[in-house]
Amino acid sequence: RSVPDDKMRFKQLLFLAAQAEKMPEDLKTPENKVQGCLSTVHVHATIDGEGKVYYTGDSDGQMTKGLVAILVKGLSGFSPSDIQGVQPEFIQYAGLGTSLTPGRNNGFINMLAKMKQQAELLGEGKPLSEASAADDAASEEEDALPVITTFEEKEDKPRYNSLMRKVIDAFAPVEIRLEDTTHMHANQAPESHFRLTLISSKFDGLPLVKRQQAVYALISEEMDDIHAFQMYTKTPEEEGLL
């Protein structure tokens, strides 16, 4: 957080990528691949006799590799329960959240979720291959329904357009509705109240609070000028679409 500006933070990420330990090629397997990242990302976890988890990881994108390095360094050496308590909002505290593109921000959330999933399995004495099976099932569900990739921009609604663009890029929704409800509140600044309905396979396996945290992390810049933001977040299965 002490790094003064975005340019220096990006240089720091590239430095971390260059300094990261090389991940053995034989660990770059389907079960270690992180789904939902713009770059190809692999992470692998092991657990020692004291119940501490250690990670290795890699990416073919240097900026993403720097994010992997942050997670590998930050999570290694802790117990599965400690790792489960890590929230993605720490990337905001580090000053990187608002500097990342929506795709990289969502990729970071997916990396953390994968690493937490691996830690949980190791803590329960289960093989990491069970994580791969869950990822494959989620991927099949995602492919079963067409996702929304575009929207009709609204004139004189820059905040609406920005929110829609970010959420669609990051969550690949099968259904999305964003309503500007500012008119329902007296004496409010324009575009200060919103209601979001978001149906996405990206929410599979995430409790409600984690889904909302992921959305808030994505739109943190816009939230500085939003007074109220309501969310309805469901998976296609929960919504009865599968």
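## A buried glutamate with a positive phi

Glu191 counts as buried, because its relative accessibility is 7% and the cut-off for a buried residue is under 20%. In this predicted model, Glu191 lies in the loop that runs between β3 (175-180) and β4 (193-199). Although Glu191 is not a glycine, its phi is positive, at about 50°. Such a value deserves a remark, because most residues other than glycine have a negative phi.

## An exposed aspartate in another loop

Asp156 is also not a glycine and has a positive phi, in this case of about 65°. The residue is placed in the loop between α6 (129-144) and α7 (158-171). With a relative accessibility of 69%, Asp156 counts as exposed, since the exposed class begins over 50%.

## Overall composition

The protein contains nine helices and five strands, and, read from the N terminus, its elements follow the order α-β-β-α-α-α-α-α-α-β-β-α-α-β. Of the 242 residues in the protein, 44% are buried. The protein exposes about 12,500 Å², of which carbon and sulfur atoms supply 50%.

When the contacts with a separation of 6 or more are considered, 63% of them are accounted for by residues 24 or more positions apart.

## The hairpin of β1 and β2

Strands β1 and β2 form a hairpin with five residues between them, and Gly51, in the turn, has a positive phi of about 80°. The two strands pair in the antiparallel sense, over seven bridges; within this pairing, Ala45 has Tyr55 of β2 as its bridge partner. β1 is mostly covered, with five of its seven residues buried.

Tyr55 touches Ala45 as well as His44, and its other contacts beyond four places in sequence include Val72, Leu75, Ile83, Met115 and Ala119. Polar residues also appear among the contacts of Tyr55, including Ser76, Lys116 and Gln118.

## Asp58 and its surroundings

Asp58 belongs to strand β2, which spans residues 53-59. Is Asp58 buried or exposed? Its relative accessibility is 11%, so Asp58 counts as buried.

The side chain of Asp58 makes a polar contact, at 2.8 Å, with the side chain of Lys28. Leaving aside residues up to four places away in sequence, Asp58 touches Lys28 together with Met23, Thr40, Val41, His42, Lys65 and Val68.

## The nonpolar cores

The largest nonpolar core has 23 residues, and the members that touch the most other members are Val41, Val53, Tyr55, Leu71, Leu75, Met111 and Met115. The elements that give two or more residues to this core are β1 (41-47), β2, α2 (62-75) and α5 (102-123). Helix α5 provides the largest share of this core, namely seven residues. Val41 thus links two parts of this account, because it is named among those members of the core and is also touched by Asp58.

A second core, separate from the largest one, has 21 residues, among them Leu163, Ala170, Phe194 and Val215.

Note on methods: Residues are numbered from 1 along each chain as its sequence is written. This is a predicted model: local features need pLDDT of at least 70, side-chain atom pairs count only at pLDDT 80 or more; totals for chains, interfaces and linings use all residues. Side-chain values use heavy atoms; hydrogens and water are left out. Helices (H or I, at least four residues) and strands (E, at least two) are DSSP runs, numbered from the N terminus. Buried means under 20% relative accessible area, exposed over 50%, partly exposed in between (1.4 Å probe, protein chains only). Contact means heavy atoms within 4.5 Å. Accessible areas come from the Shrake-Rupley method with a 1.4 Å probe; for residues, only the protein chains shown count as cover. A polar contact is a pair of N or O atoms within 3.5 Å; within protein, one must be able to donate a hydrogen and the other to accept it, and residues adjacent in sequence count only if both atoms are side-chain atoms. A nonpolar core is a set of buried Ala, Val, Leu, Ile, Met, Phe, Trp, Tyr and Cys residues joined through side-chain atoms within 4.5 Å. Two strands pair if DSSP finds at least two bridges between them.
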